[in-house]
Amino acid sequence: MVQSPSVDHAPDWERLRKALSVEAERGFSDLLGREFRFHEFLERQFNNPPARLAGSDRQRWQNLAAEFARYPSMTLAQRQHLVAESRRVLLQSERSLEMRSRSVREPLSRRKPPTVNLQQTVQHSQGGELSLSQPLTEVRQIGRRGGDRLARLGLYRVQDLLEYFPRDRIDYARQVPISQLEPGETVTVVAQVQSCSFFNSSKNKKLSIFQLTLKDPTGRLKITRFYPGNRYSSSRWQYAHKSQYPRGATVAASGLVKKNKYGITLENPDLEVLEHADARIESLSVGRVLPVYALTDGVTADLVRKSVLAVLPASQQIPEPLPKKLREKYDLIDRPTAIANIHFPPDTDILELARRRLVFDEFFYLQLGLLKRRHELKQAGEVQLANSQAQRLTIQGQLIEQFYNLLPFNLTHAQTRVIQEILADLDKTSPMNRLVQGDVGAGKTVVAVVAILAAIQSGYQAALMAPTEVLAEQHYRKLVDWLNLLQLPVELLTGSTKTRKRRQIHSQLETGELPVLVGTHALIQDKVNFHRLGLAVIDEQHRFGVQQRAKLQQKGSNGICHVLSMTATPIPRTLALTLHGDLDVSQIDELPPGRKPIQTTVLAGKQRLEAYDLIRRQMAMGHQAYVVLPLVEESEKLDLKSAVEEYERLQEVFPNFRVGLLHGRMTSAEKDAAIAAFHGHDTQILVSTTVVEVGVDVPNATVMLIENAERFGLSQLHQLRGRVGRGGDRAYCILMTHPKASPDAKQRLEVLESSQDGFLIAEMDMQLRGPGQMLGTRQSGLPDFVLASLVDDREVLILARDAAERVIRKDPSLERYPRMKAELEIRFERMLGGAMLQ
C-alpha cells in the first residue's frame, strides 16, 4: 500500500487520505502494503504531526497513533470509528494549517495588514460614551432614519447591535502582488494607476463602464466596474470620478480574483486611493476582514457595518459572566474583547480567538441548562422517592437469571456493557433517565427486557411506548414470546384496541394484575392509571414530544419513575450531547455475531433490469422484496416515482408474483392488512413509502430496492436497509438513482456501499448534510446557533460540556455565579422559550 515515511519529514497528506479510503473500501481488513500493514503505516504517520500544528492538534495526532497501535485487536465497529475519526482530524488539521499560513503570510511591502483604530475613531466622532441600553436612534452616526431601518432586523438597542454577529466574512486582509493572484481567492492589491477610462455601453445607454489599469513591480492588472443608472452616464460625473485616479496614484483594490478571456482580474472590487504606498487604509471595505451580516429589505450591508462601527466602543461595557479561572482553564479570551473582534478583527488569528469564545458560550449555556434541568429532575425524584416506600430496584434476582437462561444466544459485549450501565442507574435512589442508541439489529429490546424484569421483581409495573401501532405490535410479539415463558402477562393498548378489551386492561393496570403494558400514545391517556409504575421504556423517543414523554413518566408511582429511551437512529456523540444533554447516553455499537453484512449496490436507471433479475431470483428461492419510494402519489413538481403508480406497474413486471402496497395515507386497518399479508407470505413484493423504515419485521425479506435513493439521507437509507437480512440469509440493498442525480449525490451513496456501521454513516451524514437535514429540519429539536456548527466545532462542544459539568458539580443552583445564572436564563428564554428550565 505505502512505504515508510521518514521521521524527519512532514506526513504525506495524499497518501494518508488514500490509505484511509482504500482501507474503508476493502472492509477494514488491515491491508498489507509493500512494506507495512495499514495500521503500521498510520501509526508512523500520526506519530509525525506537522511542526506547525497547534499543541492540541498535535496531541490528537499522537492519540490517533496510539489507537492505530491497537488496530489489529479492534472489532470491526471500532476500526470503522477510528478510520472515520482519522479522516475528520486530517481535514481539520489541513484547514488549521491553511488558516495559519494565510494569517502569517506577509504583504508585498512586509508591513502589517492594514487596520483602522476603530475605537479611537468612533470615540472621537461620537463625542461621548455610549451605554448598552441606549436606543440606536439616539446614536448620532445612526440617527432616527437608520435606527428605524435596523429595527426591521430586530435591533433596537446598542447591545442588540453588538450581539448581531456576522453570518460570514470576506477576507481582504491578505495583500498579494499581481503576479501571484489565483482565481477564487479574496485579496487586496496595492499598486499604481497606469491608465483610467470611463465610457458608456454601446448596448445599454444606461450602463457606464469604468476601467482601471494598475501596475506593480510584478505585473499589470485590468479592473472593470459597472455603474447602472442615468446619473452615472453624465460626462460631468464621469470626469469627477476619473479625476480621483490620476496616473501614478497608489490604489488599494479588494475583491474576488477571477479569470476571464482577457486574463486575471478582480470582480467589481472596492477601491481606495492612498496618499502613498505605506499609508494606512481607512476604508471599511478595503484591505480587511469584511463582516457579512444577514440583511432584509431596506437594510444595506453598508448601513449595518457603519452602525456596528459606531457602537463598537460600547463593547467594553459587555458583562463577563464566566469566572477568570474557568476562562484560563479553557483558553478563552474575555467576552467584551470577543464581541469587539468578531465584527472587525485586525487579523484572522484574533478572529479565530473571538469566534472560539462566542461558540463556546453558545454550547456552554445550552449544556449548562440541560445539566441543571437534569440535576433538578433527579433531585425532585429523590425527594419523592424518599417520601414513598419505593427505593432502589432489585438489579439481581430470579427473573433476570431465568431470562438469561432462556435466551438461545449469548449477549454481545456491547449489550452486556449497556445492561450494566442501566442496572447501575436502577440501583440508585434518583430516577434513571438514560437513552440507548443501537444500530438496526443491535439487540436493544433484549436490553430493555432486563430493565423491565428488574422493575417487576421489585414489585413495580413497566410500560413500553412506541410511536406507531406497527412498532408497538412488533414489541408486543417479542415480549409475549419471552415473558410468557416466565409466566408474566403482557397486554397491548393502541388506538385500535376494542372498547371491552381496553376496559379490561385499565382494570388490570389499576389492581396491579398486569405487570407489563405495551402501546402507542394510548398509554398516556387520562384513563390509563397504573397501580405502581416503576419503569417507562420509550422507543424511537425522538418521535414523541417532550410533553408526551413527561406525561408517561408522571404516571409513575408518586408521579415519577425510571425512564429508558431507545432509538435505532444512531447519531454522532456531539449531536447527542446537543439534543440529549439532559440524558445519560449509552451506545450498543456492536452487532450480534453471525449477522451477515447486507450487500449494497448503487445502480443507475439503465441498470434497472439487473435489479429486477435479482428480485426474481430471490423470490424463486422463496424470499421476498421491498420496493421503497419517496412519494405516495405522482407529484407535478417532482419527477419521482410514486408508490401507487409503481405498485400498478410492478404487477405487470412481475405477473407471477403478488404485489402489496403500504403507505402513510392508508388507514390503520389497511396498513395492518398489508403488513400481515407480507408477513404471511401472501404477497412477495411490498411497494411502500418510508413507513417501513421502523417496525416492519419480516425475516424472510432479502431484497430492499430504494427508488430515487439520492432523495434520502444516509441515516434514513441505513434504516431502510435494516429491514432486510433479519433472518440470517444473505440480503441485498439496491440504491436506484435518478438519471439526473448529481455526481456528488452518487458519491454520497457510495458511503453505504462501503460501510454497515450506522454510527459511521450518521457521522458522514451530518458532515455532508448538516445536523438539521440529517434529523429532519422541522423535527430536529436543534436550537438555533448563531455562530456554532456541530460539524466544525465538535472539539469546542466537548470542552463546553466539560466546563458545564464542572460548574454544576460545584454549584447546581448557580447561586455562586449570579452573572452566569442571569445569562443562562436570558439565553434559554430567547432560544427555547424557557421550556428547558421549567
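This report describes two sheets, the helices packed on them, and the cavities of a predicted model.

## Basis

Local features are given only where pLDDT is at least 70, side-chain atom pairs count only at pLDDT 80 or more, and totals for chains, interfaces and linings use all residues. Residues are numbered from 1 along each chain as its sequence is written, and side-chain values use heavy atoms, with hydrogens and water left out.

Helices (H or I, at least four residues) and strands (E, at least two) are DSSP runs, numbered from the N terminus. Two strands pair if DSSP finds at least two bridges between them.

## The seven-stranded sheet

An open sheet with parallel pairing holds seven strands in the order β10-β11-β9-β12-β13-β8-β14. At its edges are β10 (490–493) and β14 (584–588), each pairing on one side only. Neighbouring strands of this sheet are turned by 20 degrees against each other on average, direction ignored.

Strand β8 (residues 433–438) runs parallel to β13 (residues 562–567), and five bridges join the two. Within β13, Leu564 is the bridge partner of Arg434. Helix α14 (residues 413–426) lies across β8, β13 and β14, at about 155 degrees to β14. Axes here are lines fitted to C-alpha atoms, for helices over the stretch in contact, with angles from 0 to 180 degrees between N-to-C directions; contact means heavy atoms within 4.5 Å.

## The six-stranded sheet

Another open sheet, of six strands, follows the order β15-β20-β19-β16-β18-β17, with parallel pairing. Its edge strands β15 (599–603) and β17 (659–662) have a single partner strand each, so one side of each lacks a neighbour in the sheet. The twist averages 20 degrees from one strand to the next.

Four bridges connect the parallel strands β19 (residues 701–706) and β20 (residues 732–736). Leu705 stands opposite Ile734 in β20. Helix α20 (residues 608–620) packs on this sheet, touching β15, β16 (624–628), β18 (685–688), β19 and β20, and its direction makes about 160 degrees with that of β19. Helix α23 (residues 714–721) touches β15, β16, β19 and β20, at about 150 degrees to β19.

## Cavities

A cavity is a set of points, on a 1 Å grid over the protein atoms alone, where a 1.4 Å probe fits but cannot get out; lining residues have an atom within 4 Å of a point. Two cavities of 30 Å³ or more are counted.

The second largest has a volume of about 40 Å³. Its lining consists of Lys378, Asp425, Lys428, Ser430, Pro431, Met432, Asn433 and Asp584.

Note on methods. 1 Å grid on protein atoms, 1.4 Å probe; cavity = no way out; pocket = protein on both sides within 12 Å on 5 of 7 lines; lining within 4 Å. Points joined across faces, edges and corners; volume = space filled by probe spheres on them.
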